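Visitor: Please show me the structure and take me through part of it.

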Amino acid sequence: MIYGAILAGGSGTRMHISSLPKQFLPLDKKPIIIHTLEKMLTCSRFDAIYLGIHPSWMSHMTDLLEKYDLALKRVRLAPGGENRNDTIFNIIDEIAKDYGAIEDDDIIVTHDAVRPFVTLRILEDNINAAIKFGACDTVVPATDTIVKSHDGADISEIPDRKIMYQGQTPQSFNIKLLKELYSKLKPSEKAILTDACKICVMRGTPVKLVDGEISNMKITTVTDYKIAQVLVGGIKESD
Amino acid sequence: MINYIYQLVNPQFISVKYEDADISDNVLVRPRYMSICRADQRYYLGNRDLKTLAQKLPMALIHECCGEVLSDKTGTFKQGERVVLIPNIPGYEREGIYENYQEGSRFLSSGYDGFMSEFVTLPPDRLVSVQGIPYQTATMCEMLSVAVHAVSRLDKAAHKYRDTIGVWGDGSIAFVIACALKVKMPKSRIIVFGKNARKLSRFSFVAETHLTYNIPADLKVDHAFECAGGEGCYDAIHDIIEHIRPQGTVGLLGVSENYVSIDTRQVLEKGLTLIGNSRSGREEFLEAAKMMESQKIRRRLGSIIYEDEPVKSIDDIHRVFATDLNTPFKTVFEWRL
């Protein structure tokens with residue numbers, strides 16, 4: 001089985017422009033998360049799509065699914081966790097509850113709720129790569145030079161830009177592989193995880209690169225939000 | 001849901017427009033294969049007058065396309081069903097007027113976005129099922145429907161003598177006109193006239209082919225189609241008028257950017273009928289799709305297809321248009337954007 005996982009566990013503290021978490025902010029006529037869910041629903045290869053939602057916003061999400069006629073059998077809710085990986089594993093637990101045991105070839109395609117510009121091509125490439133290689137990450141070549149600084153004051157290193165990429169989502173995995181690798185991590189290793197692919201990288205398991213799109217942006221800051229609004233037809237006075 | 005629409009903004013310059021796709025009452029289709037029409041190439045290269053380009057751009061190109069139904073709230077199509085997309089959106093209906101000539105009708109890829117997009121949403125009557133027909137061949141359905149339209153109109157208007165039908169032109173339109181004639185007027189002898197011997201050799205299913213500089217003086221046709229287009233229109237129409245029998249009917253299909261002078265004295269003396277044809281409607285799409293159920297027709301159409309590598313980026317769009325300049329007939333490609 002192939003599962004989609006939309007990660008929306010956050011409660012929206014970085015945007016500061018609304019009490020709403022950013023995934024619920026409107027983009028053109030719909031909330032951002034609805035755009036993301038609609039795009040994932042177009043991919044018929046997903047048997048189910050789970051939304052990992054912060055418990056405080058669960059009822060709001062349920063209302064939105066009703067409002068946009070998306071309360072479908074393929075769409076399911078799962079409680080968001082403390083961090084990204086907690087949300088992913090909460091979703092995996094829900095999958096196990098809903099569908100019984102996880103099978104050897106089950107795949108999960110995890111995606112940020114705040115990346116509504118994902119394309120069907122990226123989703124299909126992720127599914128294919130996860131089936132073939134076990135794990136994959138969506139990336140675009142870095143355009144800015146990346147500068148490393150250990151003390152935040154002076155440059156420690158400037159890596160060669162040609163080998164630098166910016167990570168996006170989806171990140172997709174064979175579920176059994178991901179669970180097995182995560183269970184082998186020490187608590188100290190788990191504490192520094194900011195990214196699901198790092199679970200594989202820390203244990204030397206290859207993660208295939210999938211081409212992303214510059215437009216598959218993450219709407220995190222007020223500037224991102226304004227750019228996204230302009231892309232879909234401009235900022236209206238009421239916004 | 002945000003749709004990616006790949007618009008030609010200026011000649012040879014493509015940019016993405018992001019648009020919330022409204023799928024409420026329509027069918028959601030994922031384009032899978034496309035083919036390039038001469039009209040697309042003219043826009044792409046900027047070979048239209050500047051006023052027309054200013055009026056029509058930006059817009060997404062391509063009107064020859066088949067795809068896969070992703071969802072259909074109207075219940076007309078099944079998920080995954082293979083369909084061809086009808087680019088004509090009818091205008092004000094008047095009895096007896098074909099939908100493609102109605103006032104107020106719109107054509108997707110001429111002033112309105114064509115099919116170069118991540119998704120297309122269309123009403124169910126703008127889609128025709130082509131389940132079982134390979135994608136590559138199914139992209140030819142639009143072109144074949146135009147041929148069906150032109151042959152049907154000539155059939156209705158022409159006198160009863162149809163022993164010999166001449167087709168002037170050796171390109172894709174001439175090829176599909178000859179295919180449609182072979183099906184719709186099987187008793188007629190089809191003669192194709194062209195300038196390129198190599199291209200004429202592909203018309204293996206017609207009775208005769210002739211190079212235009214070498215047409216026997218006594219050769220006569222009952223009716224004719226002009227499919228040369230461009231600068232070739234003038235010579236083709238001139239030859240047709242010379243070789244057509246009195247009261248013949250001429251179907252015009254070639255597009256020219258310039259005014260074409262016609263020997264109207266001869267048109268009047270011979271009592272000829274000239275019929276202009278462009279585009280097609282749902283009825284002709286259905287007939288073309290039906291024709292494609294025949295393996296013989298599919299193989300025939302398939303013989304003029306050149307399949308380029310899939311399109312996975314904007315750079316690939318530029319590549320297929322460059323390829324098309326060097327292919328003698330149709331350039332077809334898989335759409336993976």
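A few questions and answers follow.

Guide: This is a predicted model, where local features need pLDDT of at least 70, side-chain atom pairs count only at pLDDT 80 or more, and totals for chains, interfaces and linings use all residues. Residues are numbered from 1 along each chain as its sequence is written, and chains are lettered from A and ligands numbered from 1 in the order in which they are written.

Visitor: Is α5(B) mostly covered or mostly exposed, and how many of its residues are buried?

Guide: Helix α5 of chain B covers residues 172-184 (helices are DSSP runs of H or I, at least four residues, and strands runs of E, at least two, numbered from the N terminus). A residue is buried if 20 or more other C-beta atoms, placed from the backbone, lie within 10 Å of its own. Phe175(B) and Ile177(B) are among the buried residues. The helix is mostly covered, and the buried count is 10 of its 13 residues.

Visitor: What covers the buried residues of α5(B)?

Guide: The cover, by contacts (C-beta atoms, placed from the backbone, within 7 Å), includes β12, β13, β15, α10 and β19 of chain B. Another element in the cover is α4 of chain B.

Visitor: Which word describes how α4(B) lies to α5(B)?

Guide: Their axes, lines fitted to C-alpha atoms over the stretch in contact, come within 8 Å and cross at roughly 55°. Angles run from 0 to 180 degrees between N-to-C directions; those under 35 degrees count as roughly parallel, over 145 as roughly antiparallel, 65 to 115 as roughly perpendicular and the rest as oblique. Therefore α4(B) is, relative to α5(B), oblique.

Methods
A residue is buried if 20 or more other C-beta atoms lie within 10 Å of its own, exposed if 12 or fewer, and partly exposed in between; C-beta atoms are placed from the backbone. Two residues are in contact if their C-beta atoms, placed from the backbone, lie within 7 Å.
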